[in-house]
Amino acid sequence: MITRKQSLPWIHRWSRPLIAGIATIGAAVTAYLTITKLTGDPTACPTGGCDVVLSSPYATMFGLPLALFGFLAYASMVVFAIAPLLVNPSEQKALRTNLERWTGLLLFMGATAMTIFSGYLMYLIAFVIKAVCIYCVGSALLSTSLFILSIIGRDWEEVGQLFFTGTIVSMITLVGTLGVYANVSNPRVAAQPGGYTIASSSGAAEIALAQHLKQTGAKMYGAFTCPHCQNQKHLFGAEAAKQLNYVECHPQGQNAQPQTCQVAGIEGFPTWEINGQKYTGEKTLPELADLSNYQGARNFRNAPQSGH
């Protein structure tokens with residue numbers, strides 16, 4: 001009697017290519033977000049909430065863009081998925097089997113950690129930041145897909161051990177995530193108008209210049225998602241920046257006045273309106289002093305930056 005070799009379910013045959021494909025999409029998205037975060041360029045986002053999320057304190061980890069760690073995670077999943085497929089099963093059967101076993105476990109552990117972390121980010125977006133980022137939501141869906149495929153994409157001999165491993169990984173990920181974000185403040189209750197905290201302090205010259213700008217009716221138009229606006233305020237320092245006549249143009253910023261910005265014809269951030277003239281881009285404090293005919297002390301404490 002001839003017995004036919006039982007064929008593998010299609011999901012077992014195609015789970016690794018599917019995982020590699022999904023992870024490649026995730027790597028491409030997070031690479032794009034990393035580049036925009038490092039360059040300060042706005043993201044292509046139809047909802048308008050992506051820049052809000054990506055400019056929040058939660059978008060940075062250990063001084064680096066959070067998207068960079070997402071890229072590394074997705075790239076690792078690609079490697080784990082395709083590694084056994086590069087080994088010829090007829091010539092190196094033992095190596096292929098070992099790689100499938102160990103990378104299968106690594107895929108499950110990685111997907112579990114990514115899903116738990118993405119779930120926490122979804123909580124932050126919904127209840128803390130309160131802005132919709134399609135890239136973040138998409139990444140959460142990709143992570144969940146990887147998690148499901150890592151489970152159903154192969155036969156697991158010990159389901160109990162799989163559950164135990166998943167529980168441990170989930171707990172470690174959640175505790176680590178809460179620890180990393182423990183000291184992050186809510187960007188919507190930040191110290192400065194516009195939605196972020198200014199770490200630099202002001203000297204007497206910075207405060208005097210800011211008061212002069214306010215008294216002469218000068219305005220600074222900006223958006224709290226704009227890195228150049230943040231740099232501009234950092235030049236003044238926290239105390240002086242509070243003296244500025246600042247107009248928040250982003251509709252989701254604190255004390256937002258988007259209609260005022262539209263009427264004023266603001267096209268870029270920051271834009272200074274001084275003595276009836278508009279000047280776009282960051283300005284050094286000496287430049288602002290010259291433009292506003294400031295006659296006070298110019299021993300500014302903070303290092304000057306070139307205008308943009």
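The paragraphs below lead through the nonpolar cores, one buried serine and the disulfide of this predicted model.

A suitable place to begin is the interior. In soluble globular proteins, nonpolar side chains tend to be buried together. Here the largest nonpolar core has 24 residues, and those with the most contacts inside this core are Leu209, Leu213, Phe236, Leu244, Trp272, Leu285 and Leu288. Two or more residues of this core are supplied by each of helix H7 (204–215), helix H8 (227–236), helix H9 (238–241), strand E5 (271–274) and helix H11 (285–291), and the largest share, four residues, comes from H7.

To follow this core from a single side chain, the reader can turn to Leu288. Leaving aside residues up to four places away in sequence, Leu288 touches Leu209, Leu213, Phe236, Trp272 and Ile274, as well as Gln232 and Lys283. Of these partners, Leu209, Leu213, Phe236 and Trp272 are also listed, like Leu288 itself, among the residues with the most contacts inside the core.

A second core, separate from the one just described, has 23 residues and includes Cys50, Cys133, Cys136 and Phe224. For two of these cysteines the degree of burial can be stated: Cys133 counts as buried at 0% relative accessibility, and Cys136, with a relative accessible area of 18%, is also buried, because the cut-off for burial is under 20%.

Helix H5 (residues 134–152) offers a further buried position, this time a polar one. Ser143 is found in this helix and has a relative accessible area of 2%, so it is buried. Which residues does Ser143 touch, not counting residues up to four places away in sequence? Its partners on that count are Tyr74, Ala111, Met114, Thr115 and Ser118.

The last feature is a covalent one. A disulfide is a covalent bond between the sulfur atoms of two cysteines. The structure holds one disulfide, which joins Cys249 to Cys261 with an S to S distance of 2.0 Å. Cys249 lies in the loop between strand E4 (246–248) and helix H10 (258–263), whereas Cys261 lies in helix H10, so the pair ties together parts that are 12 residues apart in sequence. The torsion about the S-S bond of Cys249 and Cys261 is about -85°, and the disulfide is therefore left-handed. As for exposure to solvent, Cys249 counts as buried at 8% relative accessibility, and Cys261 likewise counts as buried, at 5%.

Key: Residues are numbered from 1 along each chain as its sequence is written. This is a predicted model: local features need pLDDT of at least 70, side-chain atom pairs count only at pLDDT 80 or more; totals for chains, interfaces and linings use all residues. Side-chain values use heavy atoms; hydrogens and water are left out. A nonpolar core is a set of buried Ala, Val, Leu, Ile, Met, Phe, Trp, Tyr and Cys residues joined through side-chain atoms within 4.5 Å. Buried means under 20% relative accessible area, exposed over 50%, partly exposed in between (1.4 Å probe, protein chains only). Contact means heavy atoms within 4.5 Å. A disulfide is a pair of cysteine sulfur atoms within 2.5 Å.
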